[in-house]
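Please walk me through this protein model, beginning with the chain as a whole and then turning to one strand and its surroundings.

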Amino acid sequence: EDHAGERGRLLHARPPRKAALCGQGQEPEEAGRDLRQRPHAARPPATHDRGHGIGRGDHDGGRVEALLLESNMIKRLKPHYNILLRDDKSFPYILLRRGHRWPQISKYRGAKSGQGDYFGPFASAGAVDLTINALQRAFPLRSCSDSVLESRTRPCLQHQIKRCTAPCVGRIGKADYDVLVEEARAFLAGRSRQVQRRLTDRMTAASDALEFETAAAYRDRIKALAHIQMRQGINLPSMGDADVVAIHDEAGQACVQVFFFRSGQNYGNRAFFPRHGADDTPEAILRAFIGQFYSGREAPPLVLVNRSLEEAPLLAEALTLKAGRRVKLHRPLRGAKRKLLEDAERNAREALARRLGESTAQRRLLESLAQRFELEGAPDRVEVYDNSHISGTDAVGSMIVAGPEGYIKSAYRKFTIRSTAACDPATPGDDYAMMREVLTRRFSRLIKEDPGRSGESWPDLVLIDGGAGQLGEARRVFADLGIADLAVAAIAKGPERNAGRERVFLPDRPPVALGARDPLLYFLQRLRDEAHRFAIGTHRAKRAKARVRSALDEIPGVGPRRKKALLHRFGSARGVSQAGLADLETVDGISSAVARAIHDHFRADR
């Protein structure tokens, strides 16, 4: 039978205790099922069709495609009863960009669509920053943007601290710069011994020629390379590209630790805490984790795991099909690779122990909060709201979310204040109007998307940064929207805005003053300060973006490409504003109509 029929039977077969994955005629809430219970009766007889090149018969090709589809849909629909990888952030890379006379080294996230060499993934942006910082000591390549490079008239600070060779002002020739680029590429590709041996030979030759300053420069570069390798810890040149994936479960929770090795070099590790059911085994959690983890990224040729997976061959075929090359799923029992798995499992055990300790303390605080605020139970989701602006300009609202496991940063939201009432020049900085807009937009969308409150996006408690006025505004918004059973409170600083003298405002009750040493007070302060931090950061980013806006951005029909051409031709927005119509028409990409629009724009108020 064809693959579509095979996928249809697989997706519509409903194992016990699990919902079927979303197919035709099914609602997204029904999506999800346990792969360990995949119905074997649904397999069609093997055929001789080798169209997919997997080499195990057409029915296995259909099962592989169904596995990939299932992992993608679980991540997209987030069904309640499935093992779910909640942290799905992309990983950063080091990009050695080509296509320019002076190649640039930089941190990069996203699709690999640009021209250049990508090295990674790294476990965190901090690991990339540290590596680039150390790399520039050994290979002083530019990290600035093309526009900065082309506008420099003298070397920048990076050159002064010997992190860049200043190609912008001709302090290095093209041939010498290309040598640095190739050495950096070789080192990142795993040929570190060759690079170090080459630098050592040059240092010795310079020393023999009594060129001691040159020899010292080579010595410093060799030390920088050694520092990178030392910081990376365990390196296995013979392993090539591989991920080490280990799971540890305890007290109904699980931690999966992933170590990234590329070209035998350790690029760091990250801990994940997938959501799962109480009856899910570590093997089932690990299998589901691998399927979802690699559904959005390419798997390396080797993935080491610390558990025996029942469907390891099928999972390896799915990863192979997605990567377009062979991917091996392996559980080593001895040797250096087994030692790596033991290290990863120990990391997972320690990370889970820390999380359990933090979760226990957080749960006690939430229970104390429920008791003090007279809630029905400890809240699983607390949403905290704040605003930030300067006299009504660049006004933004923020929402942070906390639960039993700490801050849920993937649920944070930013709101750009749009209403004229909130930004009225007659009443600049109307916090009440801003809070009204933020809450109205947030809960109007919740009502539209989840009117039955069946999902996890509805809060158990709404906490407002403010006093009785903000609390009253929130209650009016909820009344207008028909929300009558949502707990809401506001926290305000003391009379002189002193931290430690906060008062909590609750509906139809006098303000509550918590003791100066009350753990619940510290907890509420942390929530309020996190919302404040997020709001201020969003406001500052918006204000900084507004500062660098050009007058050209306000002209209809002038996009980034035409803006760049105009600035190259006239040097600045002021130069463009002073240019005549005939001069504007000579710019590449500027038609007579666009030239007229630009000319009229700058002369409208004259």
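**From the whole chain to one strand**

Among the contacts in the protein chain with a separation of 6 or more, 60% are accounted for by residues 24 or more positions apart. The model is a predicted one, and its protein chain holds 18 helices and 16 strands. Of the 606 residues in the protein chain, 47% are buried, while the area that the chain exposes comes to about 30800 Å², with carbon and sulfur atoms supplying 50% of it.

Against this background, strand β7, which spans residues 302-305, can be followed in detail. Its side chains point in two directions, L302 and L304 one way and V303 and V305 the other way, and all of these residues are buried, which means that each has under 20% relative accessible area.

The next step is to look at the pairing partners of β7. Strand β4, made of residues 242-250, runs parallel to β7 and is joined to it by 4 bridges; within this pairing, D243 stands opposite V303 of β7. Strand β8, covering residues 328-330, also pairs with β7 in the parallel sense, here over 3 bridges, and in this case L302 of β7 stands opposite K328 of β8.

What remains is the connection along the chain between β7 and β8. Helix α10, formed by residues 312-323, belongs together with β7 and β8 to a β-α-β unit, and this unit is right-handed. Strand β7 is thus part of that unit, and it also has parallel bridges to β4, with its residues L302, V303, L304 and V305 buried.

Key
Residues are numbered from 1 along each chain as its sequence is written. This is a predicted model: local features need pLDDT of at least 70, side-chain atom pairs count only at pLDDT 80 or more; totals for chains, interfaces and linings use all residues. Side-chain values use heavy atoms; hydrogens and water are left out. Buried means under 20% relative accessible area, exposed over 50%, partly exposed in between (1.4 Å probe, protein chains only). Two strands pair if DSSP finds at least two bridges between them. A crossover is right-handed if, with the strands pointing away from the viewer, the path from the first strand over the helix to the second runs clockwise. Contact means heavy atoms within 4.5 Å. Accessible areas come from the Shrake-Rupley method with a 1.4 Å probe; for residues, only the protein chains shown count as cover.
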